[in-house]
Structures are given as structure tokens and as C-alpha cells.
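User: I'd like to go through this model with you, one contact at a time. Shall we start with the nucleic acid and then turn to the protein chains?

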Number of protein chains: 2
Amino acid sequence: MSTCVESNITNHLIEHLPEQERLLLLSHCELVVLQFGTVLCEHNEGYSYLYFPMSGFISLVTKLPPHKPLEMGVIGNEGMLGVTMVLGLPTVPMQAVVQGKGTAWRIGVGELQQVLQQCPQLRSTLMQYLFILMQQLSISAACAHFHELDQRLARWLLMSQDRAHSNEFHLTHQFLADMLGVRRSGVTVAAGVMQQNNLIQYSRGKINITNRNALEKVSCTCYQKSLDDYKRLLGQPSRDSERRLLTEQGTP
Amino acid sequence: MSTCVESNITNHLIEHLPEQERLLLLSHCELVVLQFGTVLCEHNEGYSYLYFPMSGFISLVTKLPPHKPLEMGVIGNEGMLGVTMVLGLPTVPMQAVVQGKGTAWRIGVGELQQVLQQCPQLRSTLMQYLFILMQQLSISAACAHFHELDQRLARWLLMSQDRAHSNEFHLTHQFLADMLGVRRSGVTVAAGVMQQNNLIQYSRGKINITNRNALEKVSCTCYQKSLDDYKRLLGQPSRDSERRLLTEQGTP
DNA sequence: TCAGGTATGTGCGCTATAACACGTATAGCG
DNA sequence: CGCTATACGTGTTATAGCGCACATACCTGA
């Protein structure tokens, strides 16, 4: 069963390519494991590898000392880490941390540049994704400024679930607080309310989404807006089919 | 005197190009006036022209109904409006409004695409500027979330002055409030304190910066960080020489 | 089995800002 | 010259989230 799911999960950007380009790109990639908590890229430092997650997900986090961190975007199998490479700049203005373990295709900076020469469609896809990322940044900014903790928490859980490919994933309150740029105890209170209303269930870092529909109602519209922005340029990620698979498994 | 200043103010991105490319680009541009309040581009709609301001400045504003607007970046003679064009996408995920009147070089979308084919250095410069814009977005996001009204107001005034090429410019409290995503009366209070401390002086929309050094101290570090991010990739904009000129004029 | 780390629950006082409301002054127009 | 819109000043109440502090529950390993 589990292998069945694995084989269905690919990276949507790669899937999106014509076969020729896809094969060329993959011939330069190697399969790596994304381990929870790994920092793939430090804030404002260059990177040597780019990652196309297939499962698991990566957070983009800004740091503005002496303040808490603040998450600006999430990268799962619908995107990639290091897309600024199409600008010729192997830097990302944020820290990239693995938030959900999984697997990814990895390629070196130099090799991608070579591949890009021969793959116009890849180039164009990455440019579109970069644009989407900019949209996400501006949504996140406004969301963090105007929306309240419970709405933002709901959104974050939904986005994580979309990318975790599981109803259950590992997130402590402290971690969520760092992503949302708020106090840990604030998250505890908001999550407590959600648990009382049976939207989620958690214990010592293991969060389980029990009522996704209700969670979508609590969330701010930024969640839907993000999905729409993505779909407009790059189409529907494979999210839905995976959800169906998961639901079949989810009640054993 | 005033003409002397005018002739010294150019667009830094254009200045940055080798002569050959600069002349080719300019041969496709026309000179236009940026009138205060003009909306050059609506939120999430395509644009037909790109602008390289020489004086005056343009704000990039996100809108998340039903909330107030929130400014994410400012474009003056150090940048351009429509840089997403290097991604092949003539859209900007924000509204663009003229906040300070001035003049700009304007070029059509199709023409720029032609010119880009022949100008590798232009392409690379625009890519660098796009990267800088992304950095600005993430700084603005964190700044709006963590920093307080007075700090943010100070930063905004400094950034405006840098791009207005004048110690005095037109900004009502309501306008500032919309940029900062806060209440109008909050701005009134913060600006009142600054006026009492002789940092600024204002009356019915005309704001005059009287003590720039002190204003820089009140501002959050995001102001300096923005400048640094720009300088790292594209060097020092012509800001300083202009400041000197202005100061000579400033005390008649 | 006990200690110590990790995760979560809860409370208290404080501050910034929201929402709303109303008062005052100035410019510019008829 | 006076009207009116615009710009600015001020106040009152409510609340979300902060900083800090401490209590409780659970896991894990010596």
C-alpha cells in the first residue's frame, strides 16, 4: 500500500515537462532523503544544490534579528528550492529548512545551468514558478500583518497537509510559533481550541487533521488564494488524487 | 539650479548598462510624466508598459480585501516597474501607484522583449533587480509584522526622500496609513511625536524632513538593510550625490 | 526506577493598535 | 466673504498578542 502511494508522488514541476527535457533533467539528478530539521540553505548564503521535493516539504524562513523567525513560503512536491537559479543567482534571501521528512531530486547548481541551456520549457516553467513564489511572498506578508493567529494557524496546517501527503505529521507548538512569528503559548491556546472542536488532534508533536473541511472554514482566504495563484500558471498539482488515496488508507 | 538637478538624475538601471545596450534601449523608450496618484497597473492584471523612473516614485501595494492596503516596495530611479517581464510574464502581483510625481522612461512590453533578445547585460541587470525586489518583499513582510508604527513610518519617510529627490514631498496621513497598513490616527500620533522632536515638519500633506540623521536613528534597521541588499548586486545608486546637491539648495 | 529533557497548559499584567467617534483648522472655491 | 471638503488632533473602549513565569504531562535513557 505504502509503496503504491510513493510511486504516485512525483514532483509537479518535473511532471510538467515534455518527456525529452524531463529525462535529461533527471539524468543529472540524484535521489536524496530530506531529513526533518535539516537546514538546506542558510539565510543570504549561496547554495550548491537545488531540490525538487517529491514528498516532504521545506520552509522558507526570513530572519530579522533579534526577532522570531517568520515563514514566508512552503515548498513541497508542487515546487522547488533554489528557483532563483533561473536568474543566474544561486542565493535565496531566506533560510530553507526541512519541515516534513521525505524524498527529493537533487541537482548541482552548475549542472542545472547546463541543463537549462538545452531545455527552454524547463526554463519557462521555473520562471513561472518563481513568479508564483513572489505572489506567495506578498500574500504571506499581508496575511501575517492582517490576519489573526487562529486563521493563520489553520492555513498553515492545511498547507502542511497538502505537502506532507499524510493526515498526520510532526510539528511542535514551538515550531509552529516560529513559523507564524508568534509566541509558543499563543499557538498552544489556538491549537487547544481547534482540538476541543475536533478539527485536529495532537500529542507531543504529532498532529492529526481530523476535520479538514472545518479547518478550511476557520482558515483565512489566503489558503485558497495561494492554490488559485498556482493553478493559474502551472495547473492543478497532484494533490487531489493523493488525498483520495490517503483517505482510503486513513481509516484502516 | 533646478535644471542642474534634473539633468543629474537618471535611472540607475539604465546607467548601469554598457553604452551600446543603453542607446538601443533608450531608442525604444519615450519620456513620460508620472502624475501623482496615477494607477499604472492594477492588482493582478497585466500591464502594457514598463517604466524606468528618473524622478518621482511608484509604490507596490498588495490588496487583501476587506483589509487596508499594504505597501510592499517602492520603485524610484534605482529600479523599474514591470521587472517580472524578464520572466516572460507581463503581470505584477500588486497594484502600482505613483506616490511622487516625476518623469520616467516608458517602453512597451513587446518592444522590451525584442530589446532583451539583443541585450544580454540588460537581461542580467533586470534579473538582478528582480532578485533585489524579492529581498525587499521579504524584508517588508517581516518589518510589517515585527516592527512598530513609529519605526516603520520613519523608514518609509526615508525611502520616500531617497526617491523624491527633494526634502519636501506630498503625503497625507491617510496616505501613509494606507501604505503602512494601519489606522490614519495612528499615523497622526506617530507623526506628531516626530514633529515635536523636530525630525519632520508637515502641514496639510506637505511633509518636510528637517533632521534626517535623527530619523535614521528612529527607523528600524530594515532601511539600511534594503540599501545594503541593493548595493551588493547593483552598486551604489546615485542617491548620495543628489543628497549633496539638495543640501546645498536646501538652505537658501 | 528515577532524573532530566521535551511538550503542553495556564495565568497575569502590559502595550500597541483596532474600531469608532467627534472636534478643529486650513485651503480653495463659488 | 463664507461654505465645504480636506487634513489633522484627540479621546474612549476593547482586544490580540507580548513577555514572563510557572505548573503539569509525557518520553527516554542511565
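User: How many Å separate a backbone N or O atom of A:H173 from a phosphate oxygen of DNA strand C?

Analyst: Happy to help, and please keep in mind that this is a predicted model. A:H173 is listed among the closest of the 15 residues that surround DNA strand C. Here the backbone of A:H173 is what meets the phosphate oxygen, through an N or O atom, and the distance is 2.9 Å.

User: Which base atom of DNA strand C lies 3.1 Å from the side chain of B:R183?

Analyst: Two arginines are worth viewing together here. A polar side-chain atom of A:R184 lies 2.9 Å from a base oxygen of the strand. For B:R183, an N or O atom of the side chain is 3.1 Å away from a base nitrogen.

User: Which helix of chain A gives the most to the surface near DNA strand C?

Analyst: By class, that surface has six charged, six polar and three nonpolar residues. The top contributor, with three residues, spans 184–196 of chain A: helix α8.

User: Now the protein chains: which element supplies the largest share of the side of chain A that touches chain B?

Analyst: Chain A and chain B each bring 39 residues to the contact. Elements of chain A giving two or more residues to that side are β5 (70–75), α5 (120–146) and α10 (222–234). The largest share, 15 residues, comes from α5(A).

User: And how many salt bridges are there between chain A and chain B?

Analyst: The two chains bury about 3400 Å² between them, with 78% of it on carbon and sulfur atoms. Six residue pairs are in polar contact across the interface. As for salt bridges between these chains, the count is zero.

Terms used: Residues numbered from 1 in each chain as written. Chains lettered and ligands numbered in written order. Predicted model: local features only at pLDDT ≥ 70, side-chain atom pairs only at ≥ 80, totals over all residues. Heavy atoms only, no water. Contact = heavy atoms within 4.5 Å. Buried area = accessible area lost by both parts, 1.4 Å probe. Salt bridge = Lys/Arg side-chain N within 4 Å of Asp/Glu carboxyl O. Polar contact = N/O pair within 3.5 Å; in protein donor to acceptor, adjacent residues only side chain to side chain. Helix = DSSP H or I, 4+ residues; strand = E, 2+ residues; numbered from the N terminus. Near = heavy atom within 4 Å. Nonpolar A, V, L, I, M, F, W, Y, C, P; charged D, E, K, R; others polar.
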